[in-house]
Amino acid sequence: MVTHDLTVRAPAKINLHLGVGRAREDGFHPLDTVYQAISIYDDLAVAEAADVQLSMRVADYVDLAGLTDGDDNIIRKAVAAMERHHGRELPLDLVLDKSIPLAGGMAGGSADAAAALVAVDRLHDLETSDDDLLALAAELGSDVPFSLVGGTARGVGRGEIVTPVDDAGPWWWVAVPSAEGLSTPAVYRHFDAMRPDAPEVPLSADLLLEALATGEVVRVARALHNDLQEPAIDLRPELGDLIDLGESEGALRGIVSGSGPTVVFLCDSADGAHATGIGLAAAGHRVVLTATGPVAGVHVVG
C-alpha cells in the first residue's frame, strides 16, 4: 500500500449571489457572483510515483455519472497543466476522497482541480507563484480560481476573476444534494431560452455584499439571489418543493446552489441548522449535510 506524503483539502463552494448576463460572443455568460467556501470537503492524498496514477473513494450520495479516472478527469488535466507550465513530467500517485457532489452546483470538480494544482506544486517543491496558479486554475474552469482563494469572494468576468470581500460571518448552512446531477451547460442553455431579454450586464452583487458586511443573518437571507434558480427549477421542479420544505422547517432562506441541483439553506444558528436538517431528513431526504462558512480555500492538512 502506498504511503502518501501529504493530503490537500478542498472545500465546496456555494453562490450567495449569481447574476448572469446575456451570453458573450465566445459563448460564456458574464457573471457577477459572490462565492463562499463551506465546510464540506474533498481530500486529495498524494505520493511520489513512477507515473501519474489516480484512484478514488466516493461518498455514496455522489452521482458517479461522468466520473472517470481517465485523461478527461479534471485532476489529470490539472496535473498535465502543471507539467506544461514547468516543462517536465511530474509523476505522482493520487487518491481522492470525494464528498462534494459532482454536477451539483458546488464546484465539486473545480475543487479537485485546485487541490491537484496545489498537491503537485507542494509534492515536487515547484514554488509556483500564486499568480501562475490562479492563471492555470482559470484555464481549467471558471470556478477553479475561487477554490484556491476560498473564504468569501466576488467573481466577475465568467467568474474566474476573484477578489476577497468583507464577511462578518460565520454563517450556518444546510445542504441537500441530489442523487442525480444537473448539467451546468444545460442550465445555462435553459436560462438563454427563458431569458432572451437578459441584460448584457449581470445584476450587481452589491446588495449581498453590503449584507455580508453587517453580520445580520436575516439581511443576508433576504439578499440571496441566483439567476439560474428559475431555469434549474423549471428543469427539476422538485427543487422548488425542496426549498419550500426547508423554509417550513425553519431555514431563513433556501436557494439553488449555482446551477444546481444541490439546494442550500441559510439558518440563524448552529442549532437552527441542526433542527432544519432533522426536519428535512424526517421528510425523506436521505442525505442532509450541515456546514459553516466561510472556510479556507485549498490547503495542506497533512
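## Helix α10, strand β1 and residue T128

In helix α10, the buried residues are G272, A273, T276, G277, G279 and L280. Seen down the axis of α10, these buried residues fall within an arc of 160 degrees, so they line one face of the helix. The structure described here is a predicted model.

What do the buried residues of α10 pack against? Their partners are β7 (171–176), α9 (238–248), β10 (263–267) and β11 (289–293). The face of α10 turned away from its buried side carries D271 and A282, which are exposed.

The length of α10 can be checked with simple arithmetic. The helix covers residues 270–282, which is 13 residues, and at 1.5 Å a residue it should span 18 Å. The expected span is 1.5 Å times one less than the number of residues. The C-alpha atoms at the ends of α10 are 18 Å apart, so the expected span and the model agree. After α10 comes G284, and the phi of G284 is positive, near 110 degrees.

Strand β1 is the next element. It runs over residues 6–20, and 13 of its 15 residues are buried, so β1 is largely enclosed by the rest of the structure. The table lists strands that pair with β1.

| Strand paired with β1 | Residues | Sense | Bridges | A bridge pair, β1 residue first |
|---|---|---|---|---|
| β2 | 31–47 | antiparallel | 14 bridges | I14 and Q36 |
| β12 | 299–300 | antiparallel | 2 bridges | V8 and V300 |
| β8 | 225–226 | parallel | 2 bridges | H17 and H225 |

In words, β1 and β2 run antiparallel and are joined by 14 bridges. In one of these, I14 has Q36 of β2 as its bridge partner. Strand β12 also runs antiparallel to β1, with 2 bridges between them, and V8 stands opposite V300 of β12. The pairing of β1 with β8 is in the parallel sense, and the bridge partner of H17 in β8 is H225.

The last site is a single residue in a loop. T128 lies between α2 (108–123) and α3 (130–140). Is T128 buried or exposed? Its relative accessible area is 8%, and a residue counts as buried when that value is under 20%, so T128 is buried.

Which residues does T128 touch, leaving out those up to four places away in sequence? They are M82, H85, H86, D121 and L133. With D121 there is also a polar contact: the side chains of T128 and D121 are joined at 2.6 Å.

Definitions and conventions. Residues are numbered from 1 along each chain as its sequence is written. This is a predicted model: local features need pLDDT of at least 70, side-chain atom pairs count only at pLDDT 80 or more; totals for chains, interfaces and linings use all residues. Side-chain values use heavy atoms; hydrogens and water are left out. Buried means under 20% relative accessible area, exposed over 50%, partly exposed in between (1.4 Å probe, protein chains only). Helices (H or I, at least four residues) and strands (E, at least two) are DSSP runs, numbered from the N terminus. Two strands pair if DSSP finds at least two bridges between them. The arc is that of the directions from the helix axis to the C-beta atoms. Contact means heavy atoms within 4.5 Å. A polar contact is a pair of N or O atoms within 3.5 Å; within protein, one must be able to donate a hydrogen and the other to accept it, and residues adjacent in sequence count only if both atoms are side-chain atoms.
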